[in-house]
Amino acid sequence: MSRLDVESDRLMASCLAGVALPDEVAELNVRMAADTSLVDEYVRLMRIEAALQWQHGGLAVPAMTLPAPRASLWQSRRVPILATAALITLLVMAWFVLWSRESASVAPMKPSRPQMLATLTSAENVSWRSEPFYEGQDVAAGTIRMASGFAGFLLTSGTQVGLAGATEIHLKDSMHVGLTQGRARFTCPPDARGFTVLGPGGLVVVDLGTQFEMAVDEHSGRVRVHVTQGLVQVRTSEQAIVAIEPLDLTADQMLEYDPIAGHVVRLGVPVAPRVSGAVTWLDDPPASVQNDRLTDDTTMFAFLERAAVKLDSDLVTPHGKVAAGTLVDVYLLHKDATGLEDVELEGAIQFDRPILAAIDDTALLGRTDPTLGSPYTRYDTLSIRGLESGADRIDWSPERNAVSVRWVGYGPDDLRLIVAHQTSGTTVQVQTNSRERSK
Amino acid sequence: MSLNPNDLERFVQLLTDHQSRLWAFILAVVGKADLAQEIFQETNLVLWRKAGQYDPSRPFGPWAKAIARHQILAARERVSRDRLIFDADVMDRIASRCMDESEPNDARQLALVDCITKLSADHRALLDRRYRAQQSVQCLAAESNRSPRGLAVTLHRIRRLLADCIDTKLARGADA
């Protein structure tokens with residue numbers, strides 16, 4: 001893409017949206033008469049504008065209408081011509097109808113059924129493996145299966161449930177659900193104290209006023225519980241083959257339960273790194289780092305994407321290689337300006353341990369989003385968001401535990417940092433009691 | 001010159017296939033949708049009337065665009081200056097640039113559909129309201145407590161994202 005100067009870009013934006021003043025239109029004329037690249041970019045973007053109008057069947061796009069054909073040419077062909085005119089009209093209308101069907105944000109609600117437990121409050125790019133739900137639809141007891149995407153439910157108990165990716169959850173009632181696969185985040189209000197999630201292997205997680213996340217690994221059956229606020233109690237059910245002593249998890253604590261090996265391990269939650277310069281630390285992953293979503297002209301953002309991730313395979317990056325099996329914490333640095341004007345941001349992030357690898361390549365960022373990115377954050381799949389040649393720069397500290405970044409531009413840029421998982425001596429085996437299941 | 005039924009059928013097919021490209025051509029050169037709409041209708045009528053003059057051995061797109069360009073010139077003489085965005089010189093530059101385009105339209109349209117699915121939900125909703133529901137930029141800006149210029153910038157960024165995405169997809173297709 002040819003980059004325009006900011007003023008030309010701004011003039012073009014206003015003209016294309018029909019909000020330019022007469023003197024701005026005149027100025028754009030002068031610039032386009034003098035600069036061929038500006039004409040090229042205008043045509044490139046105007047083709048998108050025209051295609052959007054055409055595909056949506058809206059704005060000024062007319063259905064083609066034809067008069068009666070001229071006798072000399074069309075005399076014997078009136079019927080096929082009229083049929084063709086109708087066909088063209090239908091084709092135009094078809095785009096509209098198809099788009100309307102695809103993009104309807106609120107589908108008609110299905111007839112309500114008794115004992116509804118939840119309402120689907122949001123759905124983004126969801127591919128359902130169970131009966132599909134629509135935003136605003138009430139949901140009864142049963143199993144919800146997703147193949148991909150993000151969905152948010154509000155239970156009648158007031159608990160908010162966020163699901164991400166391939167996930168299977170069973171709604172028993174508004175205070176009891178079962179997570180058998182995938183990832184879920186639960187935010188429980190005080191009234192929902194006692195809200196319980198059942199996991200594989202008889203794991204029981206009881207809310208005592210909090211927000212927590214659970215993840216069930218599809219292959220190993222291991223369960224991660226990460227408390228982000230408040231307190232939960234973790235124990236096993238009476239029917240569990242392996243019994244563990246009830247234990248409390250408080251904010252920023254995390255454990256992993258292995259139902260096959262029959263043990264629970266507390267995992268350390270990394271402390272926030274030190275940031276300096278134009279970097280703002282976020283305590284929680286943002287909902288989106290897509291283009292134009294998390295924007296600021298004065299700072300970039302840093303956050304923990306995932307903690308204690310065990311790499312399935314070797315990770316080879318432009319800035320280091322990490323062997324399969326390594327337990328790592330993953331962080332993201334993100335920048336995006338508010339408008340079309342280039343901003344220049346420079347800042348640094350420092351850890352108390354070495355940075356093992358860094359990803360600044362758009363393609364590799366995209367490939368690692370599903371495994372290393374935050375499951376609750378939407379990532380950009382359109383933009384060139386890696387380190388671009390030219391003004392962008394990364395500098396490493398001699399100990400490789402810190403990196404400073406300089407970004408220039410207005411679009412989104414990301415840098416993913418892979419750091420050895422910080423245990424800080426908190427990884428311990430929790431006492432467990434094995435017992436035979438009564439037959 | 002008259003058309004036999006086969007030629008007529010072929011002509012109808014070509015005209016149908018080129019509708020979106022004609023629209024894009026006229027809108028790009030004129031810059032304003034209301035005037036583009038008038039010229040688009042007029043161009044289609046002229047194309048029908050000149051169907052017998054079309055040489056099937058030659059590409060349809062340049063022939064149709066040449067007629068559209070003539071209709072644009074006629075409109076430029078006819079309408080008041082305030083209905084036009086660009087000077088005659090700039091309009092000619094844009095038209096010349098658009099005459100060169102030769103990518104398959106179907107591939108471009110399919111790429112656009114795919115690229116739209118990769119936008120954020122907010123951006124998809126914005127496109128839906130702007131283009132399907134036909135809400136004006138001013139109206140959308142007021143609803144979201146933004147300035148029309150701010151919203152114009154957002155729409156501009158979305159267009160550029162989609163253009164980059166389509167260009168990338170088409171380039172990959174060409175390489176394959």
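Two strands pair if DSSP finds at least two bridges between them. The exercises below apply this and related criteria to a predicted model.

**Exercise 1. A hairpin in chain A**

Task: State how many bridges join strand β11 of chain A to strand β12 of chain A, and in which sense the strands run.

Solution.
- Step 1. Locate the strands: β11 covers residues 253-258 of chain A and β12 covers residues 263-267 of chain A.
- Step 2. Count the bridges: five join β11(A) to β12(A), and the two strands run antiparallel. Since at least two bridges are needed, the strands count as paired.
- Step 3. Check one opposed pair: A:M254 faces A:L267 of β12(A).
- Step 4. Inspect the connection: four residues lie between β11(A) and β12(A), which form a hairpin. In its turn, A:G262 has a positive phi of about 75 degrees.

**Exercise 2. An open sheet and the helix across it**

Task: Give the strand order of the open sheet of five strands in chain A, and identify which strands stand at the edges.

Solution.
- Step 1. Read the order: β14-β15-β18-β23-β20 of chain A, with mixed pairing.
- Step 2. Find the edges: β14 (279-281) and β20 (355-359) of chain A have a single partner strand each, so each has one side without a neighbour in the sheet.
- Step 3. Note the twist, which averages 30 degrees from one strand to the next.
- Step 4. Examine one pair inside the order: β18 (residues 327-335) and β23 (residues 413-420) of chain A run antiparallel and are joined by eight bridges. Here A:H334 is opposite A:D414 of β23(A).
- Step 5. Add the helix: α6 (residues 362-372) of chain A lies across β15 (300-310), β18, β20 and β23 of chain A. Its direction makes an angle of about 50 degrees with β23(A).

**Exercise 3. Positive phi outside glycine**

Task: For A:D292 and A:A308, find where each residue sits and decide whether it is buried or exposed.

Solution.
- Step 1. Take the backbone angles. A:D292 is not a glycine, yet its phi is positive, about 70 degrees. A:A308, also a residue other than glycine, has a positive phi near 55 degrees.
- Step 2. Place the residues. A:D292 is in the loop between β14 and β15 of chain A, and A:A308 is in strand β15 of chain A.
- Step 3. Apply the cut-off, 20 or more other C-beta atoms within 10 Å. A:D292 has 25 C-beta neighbours inside 10 Å and therefore counts as buried. A:A308 has 21 other C-beta atoms within 10 Å, so A:A308 is buried.

**Exercise 4. Two packed helices in chain B**

Task: Describe how helices α2 and α4 of chain B pack.

Solution.
- Step 1. Choose the quantities: packed helices are described by the angle between their axes and the distance between the axes.
- Step 2. Read them off: α2 (residues 19-30) and α4 (residues 60-78) of chain B pack at about 35 degrees, with axes 10 Å apart.
- Step 3. Assign the hand: the crossing of α2(B) and α4(B) is right-handed.
- Step 4. List the contact: α2(B) contributes B:R21, B:L22, B:F25, B:I26, B:V29 and B:V30, while α4(B) contributes B:G61, B:A64, B:K65, B:A68 and B:I72.
- Step 5. Sort the residues by class: eight are nonpolar, one is polar and two are charged.

**Exercise 5. The span of a helix**

Task: Find what span is expected for helix α7 of chain B, and compare this with its end C-alpha atoms.

Solution.
- Step 1. Compute the expected span as 1.5 Å times one less than the number of residues. For the 12 residues of α7 (residues 121-132) of chain B, this gives 16 Å.
- Step 2. Compare: the end C-alpha atoms of α7(B) are 15 Å apart, which agrees.
- Step 3. Identify the buried residues of α7(B): B:H123, B:L126, B:L127, B:D128, B:R130, B:Y131 and B:R132.
- Step 4. Look past the helix: B:Q134, which follows α7(B), has a positive phi near 60 degrees.

**Exercise 6. Where the chains meet**

Task: Characterise the side of chain A that touches chain B by element and by class.

Solution.
- Step 1. Count both sides: 61 residues of chain A are in contact with 62 residues of chain B.
- Step 2. Assign elements: α1 (6-17), α2 (22-34), α3 (36-56) and α5 (78-103) of chain A supply at least two residues each. The largest share, 17 residues, comes from α3(A).
- Step 3. Sort by class: this side of chain A has 34 nonpolar, 17 polar and 10 charged residues.
- Step 4. Set the chains in context: chain A has six helices and 25 strands, whereas chain B has nine helices and zero strands.

Methods: Residues numbered from 1 in each chain as written. Chains lettered and ligands numbered in written order. Predicted model: local features only at pLDDT ≥ 70, side-chain atom pairs only at ≥ 80, totals over all residues. Contact = placed C-beta atoms within 7 Å. Nonpolar A, V, L, I, M, F, W, Y, C, P; charged D, E, K, R; others polar. Axes fitted to C-alpha atoms, helices over the stretch in contact; angles between N-to-C directions. Buried ≥ 20, exposed ≤ 12 C-beta atoms within 10 Å, placed from the backbone. Left-handed = near helix turned anticlockwise from the far one by under 90°.
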